[in-house]
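Reader: I have a structure open and want to go through some of its charged residues and internal spaces. Can we take it piece by piece?

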Amino acid sequence: MENQIVEIDMANVGHGNPAWIAALEAGKVLYFPNFAEHGFKPQKEELALFREDIRDPKSRNISLDSSGKLKGAVGGDDVQTMMAGMIGRFRAEAEGLLGNLVPRYGEHLRRGAVSFRPSKVETRVQSWRADDRRMHVDAFPSRPNRGERLLRVFTNVNLEGAPRVWRVGEPFEDVAKRFLPRVKKYVPWQAKALNALGVTKSLRSEYDHLMLQLHDAMKADLDYQKNAPQVTFNFPPGCAWVCFSDQASHGVMAGQYMMEHTLQLSPMQQYDKDASPLAILTRLQGHALI
Ligand code: SIN
Ligand code: FE
């Protein structure tokens with residue numbers, strides 16, 4: 001398999017490097033080993049926030065939404081303010097990095113949530129469908145996105161030297177060709193019923209249906225998990241990585257303390273519109289999906 005991870009020195013990020021843009025839009029993971037020196041790192045007083053029990057057990061992670069509301073942190077006003085400050089600083093650096101990497105996305109990027117994830121990956125107990133240790137492409141059952149891209153920036157902020165260990169799998173088109181023949185057909189009346197019942201926040205399009213089917217089919221297939229083309233990569237503390245997580249096949253095997261920012265982008269705003277999952281699935285299926 002062609003190398004799925006592209007290393008970039010923060011000092012060389014420059015402005016709109018075509019090779020890196022093409023790699024990102026091909027579903028590769030861009031890796032920035034020295035993000036902490038040039039971008040974000042926690043400040044001394046913020047080290048007090050690095051406790052697993054800083055997360056409210058009722059929330060999956062601690063996040064700041066696009067309206068500035070902090071959720072999921074346990075503690076008084078001082079903790080809430082410091083947490084929001086730290087997460088907000090990471091968001092600014094992550095967006096600054098994207099501004100240099102993919103300048104044309106610019107104001108078309110829509111901010112989603114930005115999060116701090118203090119939980120240990122290895123010991124998390126989850127259903128197979130929610131288990132992100134199994135390689136998958138991101139797709140969310142309740143939030144149809146009609147082909148909108150999920151662009152994510154991650155940084156490992158572990159203080160004890162533990163890497164964030166990912167598996168990165170085969171290119172999206174290979175995933176799609178492998179699993180599309182086995183997926184359930186889209187049934188429009190079922191999508192309408194799910195929407196009427198409030199299971200989905202809007203109507204699930206055929207695109208959203210196929211993406212969920214791919215997500216589930218990948219995770220359910222243990223032989224695929226074990227034997228599919230893949231590389232294991234250790235993201236060390238202080239580094240960052242960026243990918244379209246609706247396209248890059250990924251699974252997280254180990255690690256604790258990570259920050260992550262999710263942005264959305266219309267596939268029409270990509271440098272190469274034909275590289276998006278929507279374009280690939282439309283081509284493979286031979287009809288419009290949204
Ligand atoms: C994910 O699978 O989207 C989460 C990755 C991680 O927690 O490192
Ligand atoms: Fe994921």
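Reader: Which residue forms a salt bridge with D216?

Author: R129 does, and the closest N and O atoms are 2.9 Å apart. Keep in mind that this is a predicted model.

Reader: Where do D216 and R129 lie?

Author: D216 is in helix α6, while R129 sits in the loop between β5 and β6, so the pair ties together parts that are 87 residues apart in sequence.

Reader: Is D216 buried or exposed?

Author: D216 counts as buried, at 16% relative accessibility. R129 is partly exposed, with a relative accessible area of 44%.

Reader: How many salt bridges does the count come to?

Author: The count is 19 salt bridges. One of them joins E260 and R117, with the closest N and O atoms 3.2 Å apart. E260 belongs to strand β11 (residues 258-265) and R117 to strand β5 (residues 110-117), and 143 residues separate the two.

Reader: What is the relative accessible area of E260?

Author: The value for E260 is 2%, so this residue is buried. E260 and R117 are also linked with D138 and R152 in a network of salt bridges.

Reader: What about D131, which residue does it form a salt bridge with?

Author: D131 forms one with R133, the closest N and O atoms being 3.2 Å apart. D131 counts as buried at 9% relative accessibility, whereas R133 counts as partly exposed at 23%.

Reader: Now R204. Which side chain of opposite charge is nearest to it?

Author: That is D208, 6.9 Å away; R204 is buried yet has no salt bridge. R204 lies in the loop between α5 (188-196) and α6 (206-220). Setting aside residues up to four places away in sequence, R204 touches P141, P144, Y186, A191, L194, H209 and L212.

Reader: Changing topic: how many cavities of 30 Å³ or more does a search of the whole structure find?

Author: The search finds 2. The largest cavity holds about 50 Å³ of space, and the second largest about 30 Å³.

Reader: Which residues line the largest cavity?

Author: The lining consists of R60, N61, R117, P118, S119 and R124. By class, that is 1 nonpolar, 2 polar and 3 charged residues. R117 is the salt-bridge partner of E260 from before.

Reader: And how do the lining residues of the second largest cavity divide?

Author: They divide into 5 nonpolar, 5 polar and 1 charged. Among them are Q4, F172 and S249, along with E170.

Note on methods. Residues are numbered from 1 along each chain as its sequence is written. Chains are lettered from A and ligands numbered from 1 in the order in which they are written. This is a predicted model: local features need pLDDT of at least 70, side-chain atom pairs count only at pLDDT 80 or more; totals for chains, interfaces and linings use all residues. Side-chain values use heavy atoms; hydrogens and water are left out. Helices (H or I, at least four residues) and strands (E, at least two) are DSSP runs, numbered from the N terminus. Buried means under 20% relative accessible area, exposed over 50%, partly exposed in between (1.4 Å probe, protein chains only). Lys and Arg count as positive and Asp and Glu as negative; His and the chain ends are not counted. A salt bridge is a side-chain nitrogen of Lys or Arg within 4 Å of a carboxyl oxygen of Asp or Glu. Contact means heavy atoms within 4.5 Å. On a 1 Å grid over the protein atoms alone, a cavity is a set of points where a 1.4 Å probe fits but cannot get out, and a pocket is an open set with protein on both sides within 12 Å along at least five of seven lines; lining residues have an atom within 4 Å of a point. Grid points are joined across faces, edges and corners, and a volume is the space filled by probe spheres set on the points. Ala, Val, Leu, Ile, Met, Phe, Trp, Tyr, Cys and Pro count as nonpolar, Asp, Glu, Lys and Arg as charged, and the others, Gly among them, as polar.
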